[in-house]
Amino acid sequence: LNPNLASLTMNNLDDVDGHIYVQDNDNLASVSMNNLEYAGGGIGVQVEHNPNLASLTMNSLEYMAKRIYVGYNDNLASLAMNNLEGVGGRGYIDVTNNKNLTSLAMNNLRYVVG
């Protein structure tokens, strides 16, 4: 919870062995994790309840060992994970209750095991 956060950019992050939570940031408009290639362990990536979030990009993400949850981001229009090939282990993808989502890109997704 950070009421002043408008943009979150993690362009040097390439590997997470835990989890990333981005939630309850009223003024957050964009989240970019464009060099993240792998996320495993922990819970995974969870982005929720950011009412002004318009775009979420993780275009280098190739594999997720756990879950990707994106929910209740009322202004989210674009979600891009163009290099995501697979979700394994007990993982899953849950994109729910994003009222303005018009673009969801997972062009390389080949498998989800969970």
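This section describes the fold, the nonpolar core and selected loop residues of a predicted model.

The chain contains zero helices and twelve strands. Read from the N terminus, its elements follow the order β-β-β-β-β-β-β-β-β-β-β-β. The radius of gyration is 13 Å, close to the 13 Å that the globule rule gives for 114 residues, so the chain is as compact as a globular protein of that length. Along the principal axes, the C-alpha atoms occupy a box of roughly 35 × 25 × 20 Å. Of the 114 residues, 37% count as buried. When contacts between residues at least 6 apart in sequence are considered, 51% of them join residues at least 24 apart.

The accessible surface of the chain amounts to about 5,700 Å², and carbon and sulfur atoms account for 43% of this area. The chain carries 5 positive and 11 negative charges, and the mean positions of the two groups lie 10 Å apart.

The interior was examined next. The largest nonpolar core comprises 22 residues, and Met-33, Leu-56 and Leu-61 are those with the most contacts inside it. Strand E2 (15-23), strand E4 (38-48) and strand E7 (67-71) each contribute at least two residues to this core. The surroundings of Leu-56 can be set out in detail: with residues up to four places away in sequence not counted, Leu-56 touches Val-31, Met-33, Val-47, Val-70, Leu-76, Ser-78, Leu-79 and Ala-80. Met-33 thus appears both among the core residues with the most contacts and among the residues that Leu-56 touches.

Two of the core residues named above also serve as reference points for loop residues. Asn-12 is located in the loop between strand E1 (7-9) and E2. With a relative accessibility of 78%, Asn-12 counts as exposed, because this value is over the 50% cut-off. Its C-alpha atom is 8.1 Å from that of Met-33, although the two residues are 21 residues apart in sequence. Asn-35 is placed in the loop between E3 and E4 and counts as partly exposed at 38% relative accessibility. The C-alpha atoms of Asn-35 and Leu-61 are separated by 7.2 Å, with their positions 26 residues apart along the chain. Apart from neighbours within four places in sequence, Asn-35 is in contact with Asn-11, Asn-12, Leu-13, Asp-14 and Ser-60. The loop residue Asn-12 is therefore one of the contacts of Asn-35, as heavy atoms of the two lie within 4.5 Å.

A further set of contacts involves the loop that follows E2. Asp-24 lies in the loop between E2 and strand E3 (30-32), and its relative accessibility of 30% makes it partly exposed. Outside its neighbours within four places in sequence, Asp-24 is in contact with Leu-1, Asn-2, Glu-48, His-49 and Asn-50. Asp-24 and Tyr-72 are 48 residues apart along the chain, and their C-alpha atoms are separated by 9.9 Å.

His-49, one of the contacts of Asp-24, is situated in the loop between E4 and strand E5 (55-57). At 35% relative accessibility, His-49 counts as partly exposed. Its backbone has a positive phi of about 55°, although His-49 is not a glycine. Most residues other than glycine have a negative phi. A positive phi of about 55° is also found at Asn-97, which is likewise not a glycine. Asn-97 belongs to the loop between strand E10 (92-96) and E11, and with a relative accessible area of 41% it is partly exposed.

Towards the C-terminal part of the sequence, Leu-109 occupies the loop between strand E11 (103-105) and strand E12 (111-112). Leu-109 counts as partly exposed, with a relative accessibility of 32%. Leaving aside neighbours within four places in sequence, its contacts are Leu-84, Glu-85, Gly-86 and Ile-93. The C-alpha atoms of Leu-109 and Glu-62 are 8.7 Å apart, while the two residues are 47 residues apart along the chain.

Terms used. Residues are numbered from 1 along each chain as its sequence is written. This is a predicted model: local features need pLDDT of at least 70, side-chain atom pairs count only at pLDDT 80 or more; totals for chains, interfaces and linings use all residues. Side-chain values use heavy atoms; hydrogens and water are left out. A nonpolar core is a set of buried Ala, Val, Leu, Ile, Met, Phe, Trp, Tyr and Cys residues joined through side-chain atoms within 4.5 Å. Buried means under 20% relative accessible area, exposed over 50%, partly exposed in between (1.4 Å probe, protein chains only). Helices (H or I, at least four residues) and strands (E, at least two) are DSSP runs, numbered from the N terminus. The radius of gyration is taken over C-alpha atoms; the globule rule is 2.2 Å times the number of residues to the power 0.38. Accessible areas come from the Shrake-Rupley method with a 1.4 Å probe; for residues, only the protein chains shown count as cover. Lys and Arg count as positive and Asp and Glu as negative; His and the chain ends are not counted. The place of a charge is taken as NZ of Lys, CZ of Arg, CG of Asp or CD of Glu.
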